[in-house]
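Please read these points with the sequence and the model open side by side, and find each place as it is named. The notes begin with single side chains and finish with the chain as a whole.

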Amino acid sequence: MITIATVMAMVRGLHLAATLSLLGTVGFIAWMLPAASVVPDSLRHRLTQLWRVSGLIALLAGAAWFIIQSVTIAGADTLADALDALPVVALHTRYGHTIAARLGLVLVATLFALPSGRGMAAARYSSLVLTAVALALQAVIGHAGATAGATGDALVLSESLHLLAAGIWLGALLPLWLSLQALAPDQAASVCARFTPIGLACVLVLAGTGFAQGLALIGSLPALFGTQYGHIAVLKITLFLAALALAALNRLWLTDRLAARHTHACRHLQVSVGIETCLGLAIVTAAAFMASSMPATHEAPIWPFAWRPNLAVLSDPFGRRELLRILLPSAIAGGLVIVGWFWRRAFWLLLAVFVVALALAVPKLASLLTIQAYPTTFATSPTEFADSSIVHGATLFAANCAMCHGAEARGDGPIAKSLPVPPADLTAPHFRAHTEGDLFWYISHGMTAASGAVAMPAFGNVLSSDNRWALIDFLRANNAGQSARLTGRWTMPTPLPQFDALCANGSTIDRDDLRGRLVHIIADVEDVPAPAAGADGLDVATILLAPPDHKAKPVGTACVTVEPAAWNAFSILLGVTPEALAQTQALADQNGWLRARWRPGDPDNWNDPRVLAAVIRDIAAHPLATATGGGHDHHTSSTTLH
């Protein structure tokens with residue numbers, strides 16, 4: 001069934017394709033056609049007709065797009081509602097202002113398609129400028145225009161350049177095809193030679209701007225392969241590479257054959273350019289569907305493969321040695337092949353040795369550099385690692401998991417010894433090697449031992465999706481807390497939980513408001529040490545943890561947590577029982593990562609402002625570079641997996 005969204009994407013694609021054709025046709029007439037010294041009047045007439053038709057289709061399709069978009073924005077169900085929506089959208093929305101300006105520019109650019117005579121050169125360049133501006137404005141009403149700040153401005157510029165390059169290259173393919181039919185072989189070869197440097201420049205711009213937009217709107221390999229937007233992007237990239245291959249074939253082989261007047265060279269080049277034109281239309285259609293889809297950064301990726309890259313092995317000394325051991329025979333064999341190139345009698349034998357060595361290395365490389373994956377592997381929790389979620393997860397763990405894994409999740413529950421497979425120690429360092437999505441899959445679908453025995457039952461039908469994510473938040477916090485209890489620090493990056501705090505000026509802040517500031521956590525609301533804000537002028541926010549049964553007011557510049565869950569959540573993260581948490585302190589760096597904690601009786605008394613300032617300076621000078629929240633920074637997730 002064709003939905004209104006599909007129709008709108010198709011109409012939008014037709015409008016974009018026609019506008020690109022308008023720019024490409026006028027650009028071809030102005031820049032590429034003059035390479036032919038003899039141009040038949042029939043060809044000039046056909047190109048001018050293409051100019052007009054492209055503009056007319058762009059106007060009609062653009063008007064249709066505006067109508068469908070206006071009906072969608074207004075949620076109109078009747079013809080009367082739709083008619084009422086059109087002037088409102090046109091006059092009171094950025095989309096309406098922009099599309100009206102674009103259609104006006106396209107109309108004037110189309111009217112410049114004069115039949116012949118004086119002023120034609122000025123008309124061509126005026127049409128070029130107007131169409132280019134109309135195309136550039138397209139970026140304002142797409143995903144780039146919806147992105148705020150400097151990132152949005154950069155995306156608008158990038159997409160504008162992307163559209164202009166697409167118009168000059170892809171939009172000129174149909175005029176080139178028409179010229180190949182009408183021009184003499186030597187004249188056609190000259191036009192193709194003129195087309196090459198312009199097309200090459202456009203390809204470079206398309207590749208660069210496409211990569212920049214991909215980073216911003218897709219962002220990661222999982223999003224590329226695991227979201228609808230990413231799938232369309234993969235299709236677009238594939239079509240682009242196919243069109244690029246045909247363009248290279250046309251210039252490096254067929255154009256030279258045409259210039260040398262080889263038999264059938266012109267026909268072969270026409271076929272190749274015709275296919276390239278169709279690929280260009282498919283690329284534009286894919287781009288239109290991408291523009292009508294949610295960017296991949298706002299979707300939860302569904303990983304389609306049974307494995308995923310495991311490049312973390314490269315940071316491990318043992319892993320690097322193993323990689324060298326695997327690659328060394330192939331590298332030696334490859335060197336021998338180079339030697340064999342000069343010693344011809346041994347070349348084929350050495351090449352066979354290289355192929356065998358490579359074939360033996362590939363399975364080992366795959367085993368070393370990949371790891372098992374699941375559809376939810378790259379999913380992230382929608383909870384934002386909130387204090388309430390951590391505490392709720394602790395309750396769920398006690399009710400559903402402690403019998404096997406033990407009260408502290410060490411794998412020593414009351415029934416652990418009676419199980420066929422010992423429960424995992426969820427406080428061990430290797431636990432953090434699993435992604436949140438892996439844990440979600442394990443909890444949802446259970447785990448099976450190599451013998452086929454059930455190692456862990458599935459909880460997908462027992463716990464809701466939200467409860468499973470809360471359980472994962474607790475497991476992460478508990479694992480981090482055990483590390484903090486033993487060493488006073490966190491061996492793996494651990495984010496501040498999401499919490500709310502009340503400040504003296506009456507405002508309420510949360511973790512997100514503390515981005516870029518160091519955070520000093522104090523589990524006390526009465527005996528507060530001297531503020532640490534004077535540490536070399538560093539911006540330090542002081543957050544007081546209020547016990548669940550204590551209603552505290554802000555003290556000085558410090559803010560006080562307002563939710564009872566905050567006390568218990570931090571006790572889990574800091575590896576301290578709720579009863580013993582009082583007077584414990586912790587520090588988080590400016591990127592939101594917990595870095596150090598101090599308890600009464602520990603060395604280097606943080607109640608001494610000089611000692612505390614020294615610790616703060618050290619953390620400020622060496623922040624963790626990862627984005628705030630690490631695996632728990634979920635502002636881009638809009639869906640929850642079930």
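1. Arginine 610 is exposed in this predicted model, because its relative accessible area of 67% is over the 50% that the word requires. Its side chain meets that of aspartate 608 in a salt bridge, with 3.6 Å from N to O. Aspartate 608, in turn, is partly exposed, its relative accessible area being 25%.

2. A second salt bridge to look at joins the side chains of arginine 511 and aspartate 512, with a distance of 3.9 Å from N to O. Is arginine 511 buried or exposed? With a relative accessible area of 3%, arginine 511 is buried, whereas aspartate 512 is partly exposed at 22%. These two residues also belong to a network of salt bridges that links Arg511, Asp512 and Arg515.

3. Glutamine 498 is worth reading together with the previous point, since the residues it contacts, beyond its neighbours within four places in sequence, include Arg511 and Asp512. Also among these contacts are Glu384, Phe385, Ala386 and Asp387, as well as Asp510. The C-alpha atoms of glutamine 498 and aspartate 510 are separated by 6.6 Å, although the two residues are 12 residues apart along the chain. Glutamine 498 lies in the loop between helix 17 (465–487) and strand 5 (500–502), and it counts as buried because its relative accessibility of 9% is under 20%.

4. The loop between helix 15 (402–405) and helix 16 (436–445) holds alanine 409, whose phi is near 70°, a positive value in a residue other than glycine. Alanine 409 counts as buried, at 0% relative accessibility. On either side of it in the numbering are arginine 410 and glutamate 408, whose side chains meet in a salt bridge of 2.9 Å, N to O. Both of these charged residues are partly exposed, arginine 410 at 30% relative accessibility and glutamate 408 at 43%.

5. Histidine 434 is found in the loop between helix 15 and helix 16 as well, and it is partly exposed, with a relative accessible area of 27%. Which residues does histidine 434 touch, if those up to four places away in sequence are not counted? They are Leu439, Tyr442 and Arg476. The C-alpha atoms of histidine 434 and alanine 373 are 10.0 Å apart, with their positions 61 residues apart along the chain.

6. Glutamine 583 also has a positive phi, near 75°, in a residue other than glycine. Its place is the loop between helix 18 (565–573) and strand 10 (585–588), where it counts as partly exposed at 39% relative accessibility.

7. On the surface, Leu324, Leu328, Ile332 and Leu336 form a nonpolar patch with about 370 Å² of accessible area together. Leucine 328, one of these residues, sits in helix 12 (residues 317–342) and is partly exposed, with a relative accessible area of 45%.

8. For the chain as a whole, there are 19 helices and 11 strands, and 47% of the 642 residues are buried. Of the contacts with a separation of 6 or more, 70% are between residues 24 or more positions apart. The structure holds eight salt bridges, and the chain carries 38 positive and 39 negative side chains, with the centres of the two sets 16 Å apart. Carbon and sulfur atoms supply 66% of the roughly 30700 Å² that the chain exposes.

Note on methods. Residues are numbered from 1 along each chain as its sequence is written. This is a predicted model: local features need pLDDT of at least 70, side-chain atom pairs count only at pLDDT 80 or more; totals for chains, interfaces and linings use all residues. Side-chain values use heavy atoms; hydrogens and water are left out. Helices (H or I, at least four residues) and strands (E, at least two) are DSSP runs, numbered from the N terminus. Buried means under 20% relative accessible area, exposed over 50%, partly exposed in between (1.4 Å probe, protein chains only). Contact means heavy atoms within 4.5 Å. Accessible areas come from the Shrake-Rupley method with a 1.4 Å probe; for residues, only the protein chains shown count as cover. Lys and Arg count as positive and Asp and Glu as negative; His and the chain ends are not counted. The place of a charge is taken as NZ of Lys, CZ of Arg, CG of Asp or CD of Glu. Patches are made of residues with over 30% relative accessible area and no salt bridge: like charges are joined within 9 Å, nonpolar side chains (Val, Leu, Ile, Met, Phe, Trp, Tyr) within 5 Å. A salt bridge is a side-chain nitrogen of Lys or Arg within 4 Å of a carboxyl oxygen of Asp or Glu.
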